[in-house]
Amino acid sequence: MPSSPEDTAEHTGHTGSAAPTDPLDSLILHATDNGVSWITLNRPEAMNAVTWDQRERVIALLAEASADPAVRAVVLTATGRGFCAGADLRGAPSTGDRVPGDVARTIRLGAQRMIAAVLDCEKPVIAAVNGTAAGIGAHLAFACDLVLAAESAKFIEVFVRRGLVPDGGGAYLLPRLIGPQRAKALMFFGDALPAAEAERLGLVNRVVPDEDLTATARAWAQRLADGPTRAIALTKQLVNASLDSDRATAFAAEAMAQEINMTTQDANEGVASFVERRTPKYRGL
């Protein structure tokens, strides 16, 4: 089953707090600012362990970002000292006694859907990791297109500590990011990985002082939001698909992406601005 949240020590079980009674909008904060959709996990007392309902809200917000032409980049972050300490399954629908297939279905409809929503989002997604990211929380960050981490952040493949198999696409994501041997070391031992070491391994793009995290994420997101949105979306699709493609398939996908992109207003603007020796003004169209 999915990982459980961090407690006062370090990931020893499900959070002891009662199931949240706050409105969902207060547990997943959302705002759009200058073309950037900010999705903020806001359950700091539980180290932002996510319930079933919260996970569905994140998935919906990512889908909305894909469909909304006014949104041109996404930032995923959290409040408090934890980015996401794992999954809190007490918000999941009860199915009574477990039967074969229940666990696989829970993972498929829950953790895997959330990770897929990040990977499939048509807008670039930045993770601004403010603190501990454990279990599905770590995989949520690793699925993002760019990862910023505060100096105090750490990443933990906590599953082995509970005798569990990684979920949320971890065994898919990590080998592609850092290779199989390093991925196995993280997953077999479950040791906490400090942000600086995560950057050295290639799991994090940049580590910044805690107090600079939001400003840096805002600056990166604004650069993306000011860019050619459709070209970035197509580039994201090409890079993600390339990890599972042979050369012929990857080349064919690249040619088709070029064909599609050249029908966009931003591609025409980019070429025109080059010819006219001026700064392009992209509209995301």
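## A surface patch, a pocket and a cavity

Met262, Val271, Phe274 and Val275 together make up a nonpolar patch on the surface, with about 450 Å² of accessible area. Such patches consist of residues with over 30% relative accessible area and no salt bridge, nonpolar side chains (Val, Leu, Ile, Met, Phe, Trp, Tyr) being joined within 5 Å; a salt bridge is a side-chain nitrogen of Lys or Arg within 4 Å of a carboxyl oxygen of Asp or Glu. Areas come from the Shrake-Rupley method with a 1.4 Å probe, and for residues only the protein chains shown count as cover.

The model is predicted: local features need pLDDT of at least 70, side-chain atom pairs count only at pLDDT 80 or more, and totals for chains, interfaces and linings use all residues. Residues are numbered from 1 along each chain as its sequence is written, and side-chain values use heavy atoms, with hydrogens and water left out.

Three residues in loops are set out below. Buried means under 20% relative accessible area, exposed over 50%, and partly exposed in between (1.4 Å probe, protein chains only). Helices (H or I, at least four residues) and strands (E, at least two) are DSSP runs, numbered from the N terminus.

| Residue | Loop | Relative accessible area |
|---|---|---|
| Asparagine 34 | between strand 1 (28–33) and strand 2 (36–41) | 58%, exposed |
| Methionine 47 | between strand 2 and helix 2 (52–67) | 3%, buried |
| Methionine 262 | between helix 11 (247–261) and helix 12 (265–275) | 43%, partly exposed |

Asparagine 34 has a positive phi of about 55 degrees although it is not a glycine. Methionine 47, likewise not a glycine, has a positive phi of about 55 degrees.

The largest pocket has a volume of about 570 Å³. Of its 24 lining residues, the closest to the centre are Ala143, Cys144, Asp145, Val239 and Asn240. On a 1 Å grid over the protein atoms alone, a pocket is an open set of points with protein on both sides within 12 Å along at least five of seven lines, whereas a cavity is a set where a 1.4 Å probe fits but cannot get out; lining residues have an atom within 4 Å of a point. Helix 10 gives the most to the pocket lining, with five residues.

The whole structure holds one cavity of 30 Å³ or more. About 40 Å³ of space lies in the largest cavity. Its lining includes Ala138, Phe142, Phe155 and Ile156, and helix 5 (136–142) and strand 8 (154–156) each supply at least two lining residues.

Note on methods. Grid points are joined across faces, edges and corners, and a volume is the space filled by probe spheres set on the points. Patches are made of residues with over 30% relative accessible area and no salt bridge: like charges are joined within 9 Å, nonpolar side chains (Val, Leu, Ile, Met, Phe, Trp, Tyr) within 5 Å.
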